[in-house]
Amino acid sequence: MKYCSQCGHDIQFSIPDGDNRPRYWCDQCGVIHYQNPKIVVGAVPVWEGRILLCKRAIEPRIGYWTLPAGYMENGETLQEGAARETWEEACATVAVGDLYTVFNLPHINQVYMFFLGEMVNGEYAVGDESADVGLFSEEEIPWDELAFPTIGRTLKFFFQDRASGNDYPIRTQDIAPLKRKPSLDDAL
Ligand code: ZN
């Protein structure tokens, strides 16, 4: 950030009076430009025991598989965001259920939140941000081609919980930055 979006003046990066951390702020008009984490919201859409996955057609992680997920928009609820992302990426209508996984990613200022979901019919198609879309059984999940650790962990929890009695407690985890070359384990 270089210029104040309020008045166009040069911007400062320092601790404002009465605050406790550096911020972008304007000493001309006094506005503090707060920056806060973004929420990524997604769904685990299920149809007849299989999970709907999308192959990403956009960076980052183009060509890798993901659950439908994306940045929450202003003016929507988390559940609406999960349903919207499923529609945009996979042209599928999902009945969004309970919150399931929550991941803190403080190194990139993101929080991921995935909801359980049932597809209302088995219909899906390739959405604008996807190169391919499909339903996968547990045996068919492309574990070494998943886009993000949040996806692999959510799927792993899901299959564990389904196998041990269909009880899906909320899972909260922190994800730390990679300090080495990515490998298959990173998907999990
Ligand atoms: Zn200003």
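**Two domains, a zinc site and two nonpolar cores**

The chain splits into domain 1 (1–35) and domain 2 (38–176), with bounds from an automatic or database domain assignment. Their centres, taken over C-alpha atoms, sit 36 Å apart. This is a predicted model, where local features need pLDDT of at least 70, side-chain atom pairs count only at pLDDT 80 or more, and totals for chains, interfaces and linings use all residues. Residues are numbered from 1 along each chain as its sequence is written, and side-chain values use heavy atoms, leaving out hydrogens and water.

On to the metal. The SG atoms of Cys-4, Cys-7, Cys-26 and Cys-29 coordinate the zinc ion at 2.3 to 2.4 Å; donors here are N, O and S atoms within 2.8 Å of the metal (3.2 Å for Na, K and Ca). Along the chain, the donors are spaced C-x2-C-x18-C-x2-C. The angles run from 100 to 119°, so the arrangement is tetrahedral (for four donors, all angles between 85 and 135 degrees). Cys-26 is buried at 0% relative accessibility, while Cys-29 is partly exposed at 36% (buried is under 20% relative accessible area, exposed over 50%, partly exposed in between, with a 1.4 Å probe and protein chains only).

Then there is the packing. The largest nonpolar core (buried Ala, Val, Leu, Ile, Met, Phe, Trp, Tyr and Cys joined through side-chain atoms within 4.5 Å) holds 26 residues, and Phe-114 and Phe-158 are among those with the most contacts inside it. Helix 2 (149–163) is one of the elements giving two or more residues to this core, and helix 2 supplies the largest share, five residues (helices are DSSP runs of H or I, at least four residues). Apart from this core lies another of seven residues, including Ala-90 and Val-133.

Note on methods: Tetrahedral: all angles 85-135°; square planar, octahedral: opposite > 155°, others 65-115°.
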